[in-house]
Each structure stands twice: as C-alpha cells, then as structure tokens.
Amino acid sequence: MNIKKFYLNNEKTVIMKAYLLDPVDRIPWGDKRPAVLILPGGGYEFLSEREAEPVAMHYAAEGYNTFILYYTCNARFPAAFHNAAYAMYKIRMRADEFGIDPDKIAVWGASAGGHLAGCLATMWGDEQMLKVIGAKPEEVRPNAAILSYPVISGITNPHKGSFEVLLGKDASHSELSRLSLENRVTPKTPPVFIWCTANDESVPAHNSLVMAKACVSNKVPVELHMFDVGPHGLSTCDKVTGWNEQYYLDNCKTWIDLSIKFLAKYMNV
C-alpha cells in the first residue's frame, strides 16, 4: 500500500490522505480499482479520527483505493462543500495516477460528514460550486453515496449544532430548508445507502427516514438499514473505534458488508 498526502488549497490547510493499494497480478481490475472518498463526522466543528482511517481500511480490505478528506471545519457553508467537491474532482481527474476507475468512485460520510457526503450526492450540479472549482457536473458527481447515521434535515428533527456552524444561529427557515438534503434529491441523485440506529439521541433516525423517502419519491436506488439500539458515532462498531462496550455491536457492524454489497451492485464492482 502506498500512502500519500495532498494539499487541496493554496493555504495548505485542507489535506487529503490517499491509501493506494498495489496492483495485483492476474486480477482483471487490480490496476483500475474502485474508490471511496471518506468524509469523517464531527458536527462540522472537528474531524473524528474514529471515522477516518478505520473506515478507510475496511474498504481497502475489499480492494478499494480510499481517500480521507480533512475538510474545513468551523466555517459557514459552502466552505466544506467546496472542499469535498474539489476532492472528488481531483480524484477523478487523476484517476490514472491513482490507479482507479473514474466511473466507480463512491463517497462515504458519517454524521455531519454524512451531510457533506449527501451534499455532494445531491448538489453536484451547483453552478456556483462548479464555477469556483472549475469543473463540469459529471466530474463532481459521485457514483454512489454511503451515509452513516447522517445529519440530513435542518427542519425535521435537526442536529442543531451542525446547522449553526453552517448557517449561524439565526438562520431562516428558507436557509435551513435549502440545506435540508431531503429537498435536494432529484432523479439524477446517485444510489444511496443509509444506516442508523433507532435510539440515536444526537442525530435522530428521522434524518435517515426523510432522506430515504426522498430517494423513493425520486426513484433513486436506496437501501436503508435501521438497527434497534446503538449510540451515535458507532463508526466500525468494534473495539477499534468504540469508547466502551456500548459501541461493540456485531449486528450494527453488518453495515460494512451490506454497504460493500451495495457498491458492488450499483458500481458494478
């Protein structure tokens, strides 16, 4: 495995870390792998290392080249969104260098990172963003999105902290609605995999439900898994990322294999 770090901006404050697997002889797709862009959570205030490398390693074990984006935190929208869009653009434009298939790039995000991944999946055609980063819509659009206990709505059971960072404490209903991703889904949104727990007290499960409903309404392929019990921030649901036994949940950990099967189906991996 080759590990590289890249700066995404001239100020050298936004870093992307790449985990690139070595080619494997006699495996047809060994030199053109699928890829996943990893967006950790943290309420848009910080980046959770628990939702970075441990998640990347699970996808790497399945043959994916992975990229962790350390996007801008504590900044108003669209700073982090532009970071994520530019990262996706750079990964796709340098696909040959990174040994990946440019048509098989997914985005993964947890909690607020799930909101950011959802922004990328639903707002990849945003004209202002495309102008800022100098890309075409198809160069930014992910081929699939994996959302782990995601922040979705600023209206329906919102995670107020995330939206206060993005929009300020005095955000209007229309501003909150604009960044509520259930309102941004269209028939062109890529396939979406969502998982959460029913008793999440930080980001209520309603967020996942409204996103899944919006996908169904727009005929976007969607798979939703709601587990009965589990705290917020489960990450990989084991001792590698869990603070205590509440986070060691074998049933919830099935999300990893389920998401890999989802990507295999919809990205033809």
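## Exercises on a predicted model

**Exercise 1.** Find the bridge partner of L37 in β5, then place the two strands in their sheet.

Solution. In this predicted model, L37 pairs with V107 of β5. The strands concerned are β3 (residues 33–39) and β5 (residues 100–110), which run parallel and are joined by 6 bridges. Next, read the sheet order: β1-β2-β4-β3-β5-β6-β7-β8, an open sheet of 8 strands with mixed pairing. The edges are held by β1 (2–7) and β8 (222–227); each has a single partner strand, so one side of each lacks a neighbour in the sheet. From one strand to the next, the twist averages 15 degrees.

**Exercise 2.** Determine which strands helices α2 and α4 lie across, and at what angle each runs to β5.

Solution. Take α2 (residues 79–93) to begin with: it lies across β2 (15–20), β3, β4 (65–70) and β5, and runs at about 155 degrees to β5. Then take α4 (residues 112–122): this helix lies across β3, β5 and β6 (144–148), at about 140 degrees to β5. For α4, now check burial. The count is 11 of 11 residues buried, so α4 is largely enclosed by the rest of the structure. Among these buried residues are H115, L116, C119 and L120.

**Exercise 3.** Classify the ring pair F6 and F98, and state which elements it ties together.

Solution. The whole structure holds 13 aromatic pairs. For F6 and F98, the ring centres are 5.5 Å apart and the planes stand at 70 degrees; planes over 60 degrees apart count as edge-to-face, so this pair is edge-to-face. F6 belongs to strand β1 and F98 to helix α3 (residues 95–98), so the pair ties together parts 92 residues apart in sequence. Burial needs the cut-off of under 20% relative accessible area. F6, at 15% relative accessibility, counts as buried, and F98, at 3%, counts as buried too.

**Exercise 4.** Compare the span of helix α10 with the expected value, and list what covers its buried residues.

Solution. Helix α10 (residues 250–266) has 17 residues; from first C-alpha to last it reaches 25 Å, close to the 24 Å expected at 1.5 Å a residue. Its buried residues are C252, W255, I256, S259, I260, F262 and L263. The cover over them includes β3, α1 (53–61), β5, β6, β7 (192–197) and β8. One of the buried residues, W255, also belongs to a cluster linked by ring pairs, together with W108, Y149, W195 and F227. Just after α10, N268 has a positive phi of about 55 degrees.

Key: Residues are numbered from 1 along each chain as its sequence is written. This is a predicted model: local features need pLDDT of at least 70, side-chain atom pairs count only at pLDDT 80 or more; totals for chains, interfaces and linings use all residues. Side-chain values use heavy atoms; hydrogens and water are left out. Two strands pair if DSSP finds at least two bridges between them. Helices (H or I, at least four residues) and strands (E, at least two) are DSSP runs, numbered from the N terminus. Axes are lines fitted to C-alpha atoms, for helices over the stretch in contact, and angles run from 0 to 180 degrees between N-to-C directions. Contact means heavy atoms within 4.5 Å. The expected span of a helix is 1.5 Å times one less than its number of residues. Buried means under 20% relative accessible area, exposed over 50%, partly exposed in between (1.4 Å probe, protein chains only). Rings of Phe, Tyr and Trp (its six-membered ring) pair if their centres lie within 6.5 Å; planes under 30 degrees apart count as stacked, over 60 as edge-to-face and the rest as tilted.
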